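Colleague: I am new to this structure. Could you take me through it and give the reasons behind each label?

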Amino acid sequence: MFKSLRFRLTLLFVLLSTVIYGLLTTLGFVYFNNRLDEALTRELALLSSEIRPGIDLSGPVPKIMRWEKHVLDEPFERSATIQLFDANEKLVYDYGLHGTPILVKDQGEIVDQAQKMKVYSRALFNDRGKLCGYLQVQLPTTERDRPVTHFLFMLSWVAPLLLASLAFAGYAYAGRAVAPIEKSFDVLKRFLLYAGHELATPVSIIQINSEALEEELEEKSITPKQIPVIHRATERMDSIIKTLTFLAKMESPEYRPTIEKFKFDELVSQTIAEFEELYKEKGIILQCGELNALQFEGDVIALRLLVSNLLKNALKYSKPESVVTVSLTSRERKVILTVADTGIGIPKNELPYVFDHFYRVNSSLGSGDGSGLGLAIVKSIAQAHNGEVTVASTEGEGSAFTVTLPGRTILPPFAIASSSIK
Ligand SMILES: Nc1ncnc2c1ncn2[C@@H]1O[C@H](COP(=O)(O)OP(=O)(O)OP(=O)(O)O)[C@@H](O)[C@H]1O
Ligand SMILES: [Mg+2]
């Protein structure tokens, strides 16, 4: 239980950290990318401004003056594309790296021959304000993209390392956080075991003495009506104490089920046979669904208690003429035991709590005695066998309890088809 709590806490911590890490790195990435993009645009604008004074606009098409000198002086042109377009947007001059020959008004990005280029253009007007053409400069986006790729590459190997360290730290920390709860839970269980043990003796003394008193009074022909009440109360107390002690033992970390090989189908049939009379008395039909012959390794006494608790409940919470079906099958190396009834059912909002200790559904409080421990025992036994129990129920229609236990050996590969024990 605490192992899974610790594991769940770690998982939650790692999930939260992943989300935070993801958000922060996305923000970092967007910011970093934007800054580099701005720097590239600035570089293009600067390049364009530097070239602009060297353009002659006196002829029919724009021309570069003093350009060669400028080229030799400036190192940036080796990686840039500089183009002049006439007023009709026709390319008239192209220098430098190969770039797109199309005029991109204002600025944008273009992929040309697998090379991604950032493009920046401006309109050229002569002294009279007439449009003479366009100057377009282009730079490969590599300078911006390379650091971004490096950044992403770094994140891609930092992320697993970081998450692994967080998982490790989280697991260690969750262990420390769970320790005090585990300790107090342990104290509670020890208390239950101790209290159960200590209460058992006085309860049996009351039981023995009330029986002796009853006999004595009977001899004197006195039959006070309080004596049976005392009997019933002590019996109930005795049963609760035994159940609590059993539960405390089952749920203690030191508990190991006594493992032995047995035929699960036989255990189920025997338990059904034990209940037959009680079911008949109440007019409820108890029947076998699919009952596979299965050999299983587990605690026979505990598993017998599991089956009988489910049958007891089906009987207690079903009206006459209801049908209770028990089946035992196996799937994917798991044994599946189902007890389904057409009884009173459980309200949807109460379903998550029925396996809790001492929990009883309000509407069934009138359905006879009960301490609300039966299903807690079923759950503990299933978990002690590394299995689980689930319930599906509809109020007024019935309930189906399914116990899934890992590990099984099928005896002969046959199934005893629906045989009815009424
Ligand atoms: N088959 C069922 N149909 C309807 N309600 C059920 C069924 N099984 C259990 N419940 C509900 O779940 C509650 C818890 O069951 P659980 O077996 O733990 O306690 P209980 O039967 O009240 O007492 P006991 O400790 O004697 O078994 C019950 O009080 C009942 O309300
Ligand atoms: Mg019960």
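Modeller: Start with helix 3, whose buried residues are Arg144, Gly170, Ala174 and Val203. Bear in mind that this is a predicted model.

Colleague: How do you know that the length of helix 3 agrees with what a helix should span?

Modeller: Helix 3 has 78 residues, and at 1.5 Å a residue they should span 116 Å. The end C-alpha atoms are 108 Å apart, so the two agree. Helix 3 does bend, by about 35° at Val178. A proline, Pro180, follows within four residues. Just after helix 3, Ser221 takes a positive phi of about 55°.

Colleague: Lys183 has its place in helix 3 too. What makes Lys183 count as buried or exposed?

Modeller: The neighbour count decides. Lys183 has 10 C-beta neighbours inside 10 Å. The cut-off for exposed is 12 or fewer. Therefore Lys183 counts as exposed. Its C-alpha atom is separated by 38 Å from that of Gln295, 112 residues apart along the chain.

Colleague: And Val403 in strand 13? Why is Val403 called buried?

Modeller: Val403 has 23 other C-beta atoms within 10 Å. Buried needs 20 or more, so Val403 is buried. The C-alpha atoms of Val403 and Thr390 are separated by 6.5 Å, though 13 residues apart along the chain.

Colleague: Ile227 is found in helix 4. Which label does Ile227 get, and why?

Modeller: Ile227 has 17 other C-beta atoms within 10 Å. Buried would take 20 or more, and exposed 12 or fewer. The count of 17 falls in between, so Ile227 is partly exposed. Ile227 and Glu214 are 13 residues apart in sequence and 6.6 Å apart in space, C-alpha to C-alpha.

Colleague: Now helix 5. How do you know that its span agrees with its residue count?

Modeller: Helix 5 covers residues 264–282, which makes 19 residues. At 1.5 Å a residue they should span 27 Å. Its end C-alpha atoms are 27 Å apart, so the span agrees. Helix 5 also bends, by about 40° at Phe275. Just after helix 5, Gly283 takes a positive phi of about 75°.

Colleague: Which residues of helix 5 are buried?

Modeller: They are Phe264, Asp265, Leu267, Val268, Ile272, Phe275 and Tyr279. Val268 turns up again in the largest nonpolar core.

Colleague: What makes Val268 worth naming in that core?

Modeller: Contacts with other members. The core has 47 residues, and Val268, Leu306, Val307, Leu310, Val339, Val378 and Ile381 touch the most other members. Elements giving two or more residues to this core include helix 4, helix 5, helix 6, helix 7 and strand 13. The largest share, nine residues, comes from helix 6. The core draws at least three residues from each of domain 2 (174–250) and domain 3 (260–421).

Colleague: Why would nonpolar residues gather like that?

Modeller: In soluble globular proteins, nonpolar side chains tend to be buried together.

Colleague: Last, ligand 1. Which residues come nearest?

Modeller: There are 22 residues around ligand 1, and Tyr317, Val361, Gly370, Gly374 and Leu375 come nearest. Helix 6 (300–316) and helix 7 (374–384) each supply at least two residues of this shell.

Colleague: How do the residues of the shell around ligand 1 divide?

Modeller: Ten are nonpolar, nine polar and three charged.

Note on methods
Residues are numbered from 1 along each chain as its sequence is written. Chains are lettered from A and ligands numbered from 1 in the order in which they are written. This is a predicted model: local features need pLDDT of at least 70, side-chain atom pairs count only at pLDDT 80 or more; totals for chains, interfaces and linings use all residues. A residue is near a molecule or strand if its C-beta atom, placed from the backbone, lies within 6 Å of it. Ala, Val, Leu, Ile, Met, Phe, Trp, Tyr, Cys and Pro count as nonpolar, Asp, Glu, Lys and Arg as charged, and the others, Gly among them, as polar. The expected span of a helix is 1.5 Å times one less than its number of residues. The bend at a residue is the angle between axes fitted to the seven residues ending there and the seven starting there. A nonpolar core is a set of buried Ala, Val, Leu, Ile, Met, Phe, Trp, Tyr and Cys residues joined through C-beta atoms within 7 Å. Domain bounds come from an automatic or database domain assignment.
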